[in-house]
Amino acid sequence: MLINRLGKPGVDVYVRHDGDSACAVTNIEFLVNEGAFVTSTADDSLHLWNFRQKSPQVVQSLKFQRERITCLHLPVASKWLYVGTEKGNVHVVHIESFALSGYVINWNKAIEM
C-alpha cells in the first residue's frame, strides 16, 4: 500500500506498510482532526498511523485471529471503531488504547431483534 498525502505547498508525504504487514490494504478510516488513520490489511490486521510528525508511522497494530475484516466505521468524534467481519459480526475497538473492547455484536443476535 502506498498513500500519498498532499497539503499546502511543500507538503508531499508517502507512507507504506513494511515488513510483515506489507500486504494489500483493504480499508482506510481517518480519525477526523486527530492526525491519524487506521488501515486494515489483507492479513486481517488493524494498524493505527500517526501522521502529525514529519515521517508518518504505524504506532500500534492489532491482529484478528478467527475472522476476516471486511469493513471499518468510525463515527465522527467517537473513540470507538466498529470492525465488521465476513461472518457478519461487529467488533468494537477503543481507539485511544487500540484494544478490542470485548463487546461484539453477533450477527445472529442482531437478526433476532
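How many bridges join strand 8 to strand 9, and in which direction do the two strands run? Select residues 90-94 to show strand 9, then add strand 8. The two strands run antiparallel, and 5 bridges join them. Keep in mind throughout that this is a predicted model.

**Stop 1: the whole chain**

Zoom out and colour by secondary structure. The protein has 10 strands and 1 helix. Trace the chain along the sequence: the pattern reads β-β-β-β-β-β-β-β-β-β-α. The helix therefore comes last in that pattern, after the strands.

Now switch on a surface. The protein exposes about 7200 Å². Carbon and sulfur atoms supply 52% of that area. Of the 113 residues, 35% count as buried. For a contact map, take pairs at least 6 apart in sequence: 24% of those contacts join residues at least 24 apart.

**Stop 2: the open sheet**

Go back to strands 8 and 9 and add their neighbours. Which strands make up the open sheet, and in what order? The order is 7-8-9-10, with antiparallel pairing. Strand 7 and strand 10 (99-105) are the edge strands, and each pairs on one side only. From one strand to the next, the twist averages 30°. Strands of a sheet pair through backbone hydrogen bonds, so show the backbone atoms here.

Next, select Val83 and His91. Val83 stands opposite His91, which belongs to strand 9. Keep Val83 selected for the next stop.

**Stop 3: the nonpolar core**

Which residues have the most contacts inside the largest nonpolar core? They are Val38, Leu46, Leu81 and Val83. Show these as spheres. The core has 15 residues in total. Four elements give two or more residues to it: strand 4 (36-41), strand 5 (45-50), strand 7 (69-73) and strand 8 (80-85). Strands 7 and 8 also appear in the open sheet you just left.

Centre on Val38 and list its contacts, leaving out residues up to four places away in sequence. Leu46, His47 and Leu48 are among them. So too are Asn27, Ile28, Glu29 and Leu31. Further along the chain, Val38 touches Leu72, Leu81, Ile95 and Phe98. Two of these partners, Leu46 and Leu81, are also in the list of best-connected core residues.

**Stop 4: Lys79 and its two partners**

Turn to charged side chains. Side chains of opposite charge can pair when their charged atoms come close. A search of the whole structure finds 3 salt bridges.

Select Lys79 and Glu34. They form a salt bridge, with the closest N and O atoms 3.8 Å apart. Lys79 lies in the loop between strand 7 and strand 8, while Glu34 lies in the loop between strand 3 (25-31) and strand 4, so the pair ties together parts that are 45 residues apart in sequence. Lys79 has 30% relative accessibility, so it counts as partly exposed. Glu34 is partly exposed too, with a relative accessible area of 36%.

Add Glu96. The side chains of Glu96 and Lys79 meet in a salt bridge of 3.7 Å, N to O. Glu96 sits in the loop between strand 9 and strand 10, 17 residues from Lys79. Glu96 is exposed, with a relative accessible area of 54%. Which residues do salt bridges with shared partners join into one network? Glu34, Lys79 and Glu96.

**Stop 5: Asp44 and Arg68**

Select Asp44 and Arg68. Their side chains meet in a salt bridge of 2.9 Å, N to O. Asp44 lies in the loop between strand 4 and strand 5 and Arg68 in the loop between strand 6 (57-63) and strand 7, so this pair ties together parts that are 24 residues apart in sequence.

Is Asp44 buried or exposed? Asp44 is buried, because its relative accessible area of 8% falls under the 20% cut-off. Arg68, at 39% relative accessibility, counts as partly exposed.

Stay on Asp44 and check the backbone. Asp44 has a positive phi of about 60° although it is not a glycine.

**Stop 6: Ala77**

Finish with another backbone check. Ala77 has a positive phi of about 65°, and it is not a glycine either. Look for Ala77 in the loop between strand 7 and strand 8. Lys79 lies in that loop as well. Ala77 counts as exposed, because its 76% relative accessibility is over the 50% cut-off.

How values were computed. Residues are numbered from 1 along each chain as its sequence is written. This is a predicted model: local features need pLDDT of at least 70, side-chain atom pairs count only at pLDDT 80 or more; totals for chains, interfaces and linings use all residues. Side-chain values use heavy atoms; hydrogens and water are left out. A nonpolar core is a set of buried Ala, Val, Leu, Ile, Met, Phe, Trp, Tyr and Cys residues joined through side-chain atoms within 4.5 Å. Buried means under 20% relative accessible area, exposed over 50%, partly exposed in between (1.4 Å probe, protein chains only). Contact means heavy atoms within 4.5 Å. Two strands pair if DSSP finds at least two bridges between them. Axes are lines fitted to C-alpha atoms, for helices over the stretch in contact, and angles run from 0 to 180 degrees between N-to-C directions. Accessible areas come from the Shrake-Rupley method with a 1.4 Å probe; for residues, only the protein chains shown count as cover. A salt bridge is a side-chain nitrogen of Lys or Arg within 4 Å of a carboxyl oxygen of Asp or Glu.
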